[in-house]
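The following exercises concern backbone geometry, cysteines and a pocket. Each task is followed by a worked solution.

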Amino acid sequence: MLKDVESLKPAAKSFKLRDLEVFPNTILSPMDGVTDAPFRRLCRVLSGNRMGLLVSEFVPTNADEVFSLTGHKQLKFYPEEKPFGIQIFGCYPDKMAAAAKKIADGLHPDYIEVNAGCPAPKVAGKGSGSGLLRDLPRLQEILHDVRAALDTCDVNIPLTLKCRIGWDDDSINVMETLKIAEGEGVELLVVHGRTRLQGYNGLANWDWIGKVAAAAKIPVVGNGDVNSVECALERINTYGVAGVSIGRGAMHNPWIFGQIADAWEGKPAHIITAEEALDVFSIYYKFLDEEGRTEMGAMGRLKQLAARLCKGFVDSDERRETRDERGAGKFLKEAMGSAAMHVRQTLLTAQTPEEFFERKEMLKSSIAKSLRYEPNRLVNLNGAKDNTLVFGNRYENR
């Protein structure tokens, strides 16, 4: 449950990206295959249009001989999504710069972001994404060339960078990355507190994020395991970050941005019922349909959201939160309770949108009335076994 709003006093409620005041101080982290326009619009509606910053799924630049704005579906965004940034990835400075200029001149986003964080083998293994952390001179050249290209555009827009803390535990180089970023005109740095080798396993190391924030001359936004208002508050106040970037936490709880905005504005916490949580699928499907998704494509996205969101359901008379070594399935059943697990399985086994929504309405009028929606209790968002990690240090910006 959310604390009394009087006790929620963040050290920062907004941050500046050049002349843009960003409130609340949140970013929806780009996730390939998740944070497309329908999901971003869903989160924005649920937040009451208080999202902080939105950013595209990452846009590839390596494969294009001549970068084309019409060849990348990730570039589509709606006016109501602004302020909106477009994230690009690649390993060739000239191609990255050319893509940045075309995007800036043709689409007029509010900022361009370079991806130095994606851990996927098909990206990092080819020297892009977090692969750039093994070649900082190349990263520096990319940032230099992209910034130079943006300086020639009709409208000069900010350049931001998303990175991880390093390739592995033996080569953590995020402080060097910060120095390069500041030297090449990057105006905001988003740091994911995991190494490339970690992928999305374990928990993010916020001590390193705090060290970067303390040393930085530009705003630093922390990313990793933020799943609630209280968590956002603790990260901002303990580690001195300008704000938080939220990825998988938004898949479990797409209301989280509005909840943070409410808390920062001193408004009472809105308690989301299980019935209200189930209604989110109708809103999402509307946006998917407007995007022209096929029936099967829309079903895939509905189930993707259901698999995450329904983990936040818990039986009113049951609440077991410890992982059982007998397996993830057993853990889910014990953590959620049998009724909550039944809701999840009922939705995930639907075969068509019609069947999905028929089942949703049936559940909403029956079993959902005995459930609570408590996504805040999901400490480990990726299901890995590590669910405790203590960071002992505090950092102050200077």
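**Exercise 1: Arg18 and Asp225**

Arg18 is partly exposed, with a relative accessible area of 31%; buried means under 20% relative accessible area, exposed over 50%, and partly exposed in between (1.4 Å probe, protein chains only). The model is predicted: local features need pLDDT of at least 70, side-chain atom pairs count only at pLDDT 80 or more, and totals for chains, interfaces and linings use all residues. Residues are numbered from 1 along each chain as its sequence is written, and side-chain values use heavy atoms, with hydrogens and water left out.

Task: determine the sign of phi at Arg18 and at Asp225, and locate both residues.

Solution.
1. Most residues other than glycine have a negative phi.
2. Arg18, although not a glycine, has a positive phi of about 55 degrees. Its place is the loop between strand E1 (15-17) and E2; strands (E, at least two residues) and helices (H or I, at least four) are DSSP runs, numbered from the N terminus.
3. Asp225 is likewise not a glycine and has a positive phi, of about 70 degrees. The loop between strand E10 (220-223) and helix H7 (229-239) holds Asp225.
4. Asp225 is buried, at a relative accessible area of 10%, whereas Arg18 is partly exposed.

**Exercise 2: Peptide bonds before proline**

Task: state whether the bond from Phe23 to Pro24 is cis or trans, and do likewise for Lys82 to Pro83.

Solution.
1. The Phe23 to Pro24 bond is cis, with omega near -10 degrees. Pro24 is in the loop between strand E2 (20-22) and strand E3 (26-28).
2. The Lys82 to Pro83 bond is cis, with omega near 5 degrees. Pro83 is in the loop between strand E5 (59-60) and strand E6 (84-89).

**Exercise 3: Cysteines**

Task: establish how many disulfides the structure holds.

Solution.
1. The criterion is a pair of cysteine sulfur atoms within 2.5 Å.
2. The structure holds zero disulfides.
3. Cys118 is buried at 11% relative accessibility, and Cys310 is buried at 0%.

**Exercise 4: Lining of the largest pocket**

Task: identify which helix gives the most to the lining of the largest pocket, and classify the lining residues.

Solution.
1. The lining comprises 30 residues, of which Pro30, Met31, Arg164, His192 and Tyr200 lie nearest the pocket centre. On a 1 Å grid over the protein atoms alone, a pocket is an open set of points where a 1.4 Å probe fits, with protein on both sides within 12 Å along at least five of seven lines; lining residues have an atom within 4 Å of a point.
2. H8 gives the most, with three residues.
3. The lining divides into 12 nonpolar, 10 polar and eight charged residues; Ala, Val, Leu, Ile, Met, Phe, Trp, Tyr, Cys and Pro count as nonpolar, Asp, Glu, Lys and Arg as charged, and the others, Gly among them, as polar.
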